[in-house]
Amino acid sequence: MFKRHKSLASERKRALLSQRATRFILKDDMRNFHFLSKLVLSAGPLRPTPAVKHSKTTHFEIEILDAQTRKQICILDKVTQSSTIHDVKQKFHKACPKWYPSRVGLQLECGGPFLKDYVTIQSIAASSIVTLYATDLGQQVSWTTVFLAEYTGPLLIYLLFYLRIPCIYDGKESARRLRHPVVHLACFCHCIHYIRYLLETLFVHKVSAGHTPLKNLIMSCAFYWGFTSWIAYYINHPLYTPPSFGNRQITVSAINFLICEAGNHFINVMLSHPNHTGNNACFPSPNYNPFTWMFFLVSCPNYTYEIGSWISFTVMTQTLPGGLTA
């Protein structure tokens with residue numbers, strides 16, 4: 001009997017111990033679950049792993065034909081869609097060294113317009129094979145060379161006439177007749193005009209890096225040099241007749257000439273540094289500089305000042321060629 005009660009007591013103790021152990025484990029699990037929940041909430045929402053995008057680069061095959069003979073010159077393969085006509089010309093030169101990039105003109109069809117260097121292959125491609133026609137444009141010169149030649153020639157030519165060299169004027173007549181003061185003033189104004197041109201070409205204007213045929217250089221130089229010779233011949237001639245209204249006509253015209261030259265310079269400086277709003281360049285507007293107030297009246301004051309300079313020079317010297325140049 002005693003043994004039976006003893007075994008029942010031991011079983012009850014075991015049951016109580018197992019119940020306490022179970023409760024302890026449940027409490028411990030609840031604490032762990034509560035801690036894990038806080039950890040998940042503090043970490044924020046789960047972010048999906050970004051998918052890796054594999055960019056597909058499209059390549060084109062460029063077939064270049066001679067525009068005159070229609071014969072194939074070469075084929076350029078593996079040309080990317082972002083490549084420009086300038087890049088194609090460089091690769092064309094590597095494949096065929098005798099075709100210089102500055103002398104090559106590429107067309108989509110014979111007789112069509114030449115493609116600009118900034119045009120991309122993707123914008124003109126209708127399929128994976130692009131056919132272009134190559135034309136030799138002849139001897140090319142840079143635009144900077146064109147402008148420097150245009151403006152350096154008149155500067156030197158006028159000085160030759162101003163010095164009255166014997167091969168242009170009669171030596172005896174030149175020595176016998178003294179120059180009128182307006183002749184010296186005209187030489188000064190003419191030199192100022194073309195020196196300004198040269199300095200602005202080098203330091204102000206943003207000249208294109210492209211090229212132009214040599215014939216354009218010859219035509220431009222013929223115009224500038226020819227008119228300069230015509231003007232200088234009459235002003236520096238020993239038989240030159242001074243202005244009709246004397247010093248008053250000369251002084252007013254010279255002052256107006258210098259004002260127009262200054263205005264032209266300030267407008268060119270302003271045009272070379274346009275205002276930018278975002279990605280767009282805004283047309284210049286008048287500011288505190290009085291020379292820029294001409295924008296209230298005309299859209300391109302630099303041409304207005306240029307015409308004013310030549311009209312002033314014409315009135316100051318009272319010569320017809322100067323007025324025709326304007």
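## Overall picture

A residue counts as buried when its relative accessible area is under 20%. By that rule, 33% of the 326 residues of the chain are buried in this structure, which is a predicted model. The accessible surface of the chain comes to about 21,700 Å², and carbon and sulfur atoms account for 63% of that surface.

Along the chain there are 10 helices and eight strands. If one takes the contacts between residues at least 6 apart in sequence, 70% of them join residues that are at least 24 apart.

## The four-stranded sheet

Four of the strands form an open sheet in the order β2-β1-β4-β3, and the pairing within this sheet is mixed. Its edges are β2, made of residues 72-80, and β3, made of residues 104-107, each of which pairs on one side only. On average, and with direction ignored, neighbouring strands of this sheet are turned by 30° against each other. In general, the strands of a sheet pair through backbone hydrogen bonds, and they may do so in parallel or antiparallel fashion.

Strand β1, which covers residues 59-66, runs parallel to β4, which covers residues 129-136, and six bridges join the two. Among the residues paired in this way, I64 has L132 of β4 as its bridge partner, while L65 has Y133 of β4 as its partner. Helix α2, residues 85-95, packs on the sheet and touches β1, β2, β3 and β4; the direction of α2 makes about 125° with that of β2.

## The hairpin of β1 and β2

Strand β1 is also joined to β2 by six bridges, and here the two strands run antiparallel. Within this pairing, I62 stands opposite L76 in β2. The two strands form a hairpin with five residues between them, and R70, which lies in the turn, has a positive phi of about 65°.

A positive phi is also found within strand β2, where K78 is placed: although K78 is not a glycine, its phi is near 55°. With a relative accessible area of 64%, K78 counts as exposed.

## S83, between β2 and α2

The loop that links β2 to α2 contains S83, a residue that is buried because its relative accessibility is 8%. The side chain of S83 is joined to the side chain of T80 by a polar contact of 2.8 Å. When residues up to four places away in sequence are not counted, S83 touches V119, T120 and I121.

## Cysteines without a disulfide

A disulfide is a covalent bond between the sulfur atoms of two cysteines. In this model the count of disulfides is zero. For C74, the closest cysteine sulfur is that of C96, at 4.2 Å, and because a disulfide requires the two sulfur atoms to be within 2.5 Å, this distance is too far for a bond.

The surroundings of the cysteines can also be described by their accessibility. C74 is buried, with a relative accessible area of 10%, whereas C300 counts as partly exposed at 37%.

## Helices α8 and α9

Helix α8 spans residues 246-272 and includes I255, which is partly exposed with a relative accessible area of 48%. Although I255 and S312 are 57 residues apart in sequence, their C-alpha atoms are 8.6 Å apart in space.

Helix α9 spans residues 301-317 and includes E306, which is buried, its relative accessible area being 15%. Leaving aside neighbours within four places in sequence, E306 is in contact with H193, R196, Y197 and N264.

## The loop after α9

Between α9 and α10, the latter formed by residues 320-325, there is a loop in which Q318 is found. Q318 is not a glycine, yet its phi is positive, at about 55°. In terms of accessibility, Q318 is partly exposed, with a relative accessible area of 38%.

Definitions and conventions: Residues are numbered from 1 along each chain as its sequence is written. This is a predicted model: local features need pLDDT of at least 70, side-chain atom pairs count only at pLDDT 80 or more; totals for chains, interfaces and linings use all residues. Side-chain values use heavy atoms; hydrogens and water are left out. Two strands pair if DSSP finds at least two bridges between them. Axes are lines fitted to C-alpha atoms, for helices over the stretch in contact, and angles run from 0 to 180 degrees between N-to-C directions. Contact means heavy atoms within 4.5 Å. Buried means under 20% relative accessible area, exposed over 50%, partly exposed in between (1.4 Å probe, protein chains only). Accessible areas come from the Shrake-Rupley method with a 1.4 Å probe; for residues, only the protein chains shown count as cover. A polar contact is a pair of N or O atoms within 3.5 Å; within protein, one must be able to donate a hydrogen and the other to accept it, and residues adjacent in sequence count only if both atoms are side-chain atoms.
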